[in-house]
Amino acid sequence: MEQRPIVEIKARRDGPYKVTGPIRLIDADGNEYDLAGQGESVALCRCGGSSTKPFCDGTHSKIGFRGAERAVAEADAAARARRSRGPRPAD
Ligand code: FES
């Protein structure tokens, strides 16, 4: 059985998705992006601020983008802390 090549997608801290491996990137109309010259990996915007979407153009740094995984982890920690303190006293 032929093994498929591994594609790695890494969420960079407060930055883009770095996709490494043999990929085809296709837009909503079915057009394939020309990835020639991109090297082994591409960085895909996940902050929504890039002017070269779907690619990252570094705007995430300028707008102070924070990756959701960190926000979710902080929200989870806050929820755990609230639960450990127990119910709030009645006003
Ligand atoms: S993640 Fe880099 S510009 Fe959006």
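A residue is called buried here if 20 or more other C-beta atoms lie within 10 Å of its own, exposed if 12 or fewer do, and partly exposed in between. By that rule, 5% of the 91 residues of the protein count as buried, and the model you have open is a predicted one.

**The whole chain**

Begin with everything shown as a cartoon, and you will find two helices and three strands, which follow one another along the sequence in the pattern β-β-β-α-α. Now turn the model to look along its principal axes: the C-alpha atoms fill a box of roughly 65 × 40 × 25 Å. The radius of gyration of the protein is 19 Å, whereas a compact globule of 91 residues would have one near 12 Å. Among the contacts with a separation of 6 or more, 28% are between residues 24 or more positions apart.

**The sheet**

Next select residues 8-11, which are strand S1, together with residues 17-20, which are strand S2, and residues 41-44, which are strand S3. These three strands form an open sheet in the order S1-S2-S3, and the pairing is antiparallel. S1 and S3 are the edge strands, each of them pairing on one side only, and from one strand to the next the twist averages 20 degrees. As background for what you see when the backbone is displayed, strands of a sheet pair through backbone hydrogen bonds, in either a parallel or an antiparallel way.

Look at the two pairings in turn. S1 and S2 run antiparallel and are joined by four bridges; to place one of them, select Ala11, whose bridge partner in S2 is Tyr17. S2 and S3 also pair in the antiparallel sense, over four bridges, and here you can pick out Lys18 with its bridge partner Ala43 in S3, then Val19, which stands opposite Val42 in S3.

Stay with S1 and select Ile9, which lies in that strand. Is Ile9 buried or exposed? With 12 C-beta neighbours inside 10 Å, Ile9 counts as exposed. Setting aside its neighbours within four places in sequence, Ile9 is in contact with Tyr17 and Val19. If you draw a distance from Ile9 to Val42, which is 33 residues away along the chain, the C-alpha atoms are separated by 9.6 Å.

**The turn between S1 and S2**

Move now to the hairpin of S1 and S2, which has five residues between the strands, and select Asp14, found in the loop there. The phi of Asp14 is near 55 degrees, a positive value in a residue other than glycine. Asp14 is partly exposed, because 15 other C-beta atoms lie within 10 Å.

**The loop from S3 to H1**

Follow the chain out of S3 into the loop that leads to helix H1, where Pro54 has its place. Display the backbone from Lys53 to Pro54, and you will see that the peptide bond is cis, with omega near 10 degrees.

In this same loop, between strand S3 (41-44) and helix H1 (59-63), select Asp57. Asp57 has 14 other C-beta atoms within 10 Å and is therefore partly exposed. Apart from its neighbours within four places in sequence, Asp57 is in contact with Ser50, Ser51 and Thr52. A distance drawn from Asp57 to Pro16 gives 9.2 Å from C-alpha to C-alpha, although the two are 41 residues apart in sequence.

**Helix H2**

Finally, select residues 68-85, which make up helix H2. How far apart are the end C-alpha atoms of H2? They are 26 Å apart, and this agrees with the 26 Å that the 18 residues of H2 should span at 1.5 Å a residue. While you look down the helix, it may help to recall that an α-helix has 3.6 residues a turn, so residues three or four places apart point the same way. How many of the 18 residues of H2 are buried? The count is zero, and H2 is hardly covered.

The last stop is Gly86, just after H2, which takes a positive phi of about 80 degrees.

Technical notes: Residues numbered from 1 in each chain as written. Predicted model: local features only at pLDDT ≥ 70, side-chain atom pairs only at ≥ 80, totals over all residues. Expected span 1.5 Å × (residues − 1). Contact = placed C-beta atoms within 7 Å. Rg over C-alpha atoms; globule rule 2.2 N^0.38 Å. Pairing = 2+ DSSP bridges. Axes fitted to C-alpha atoms, helices over the stretch in contact; angles between N-to-C directions.
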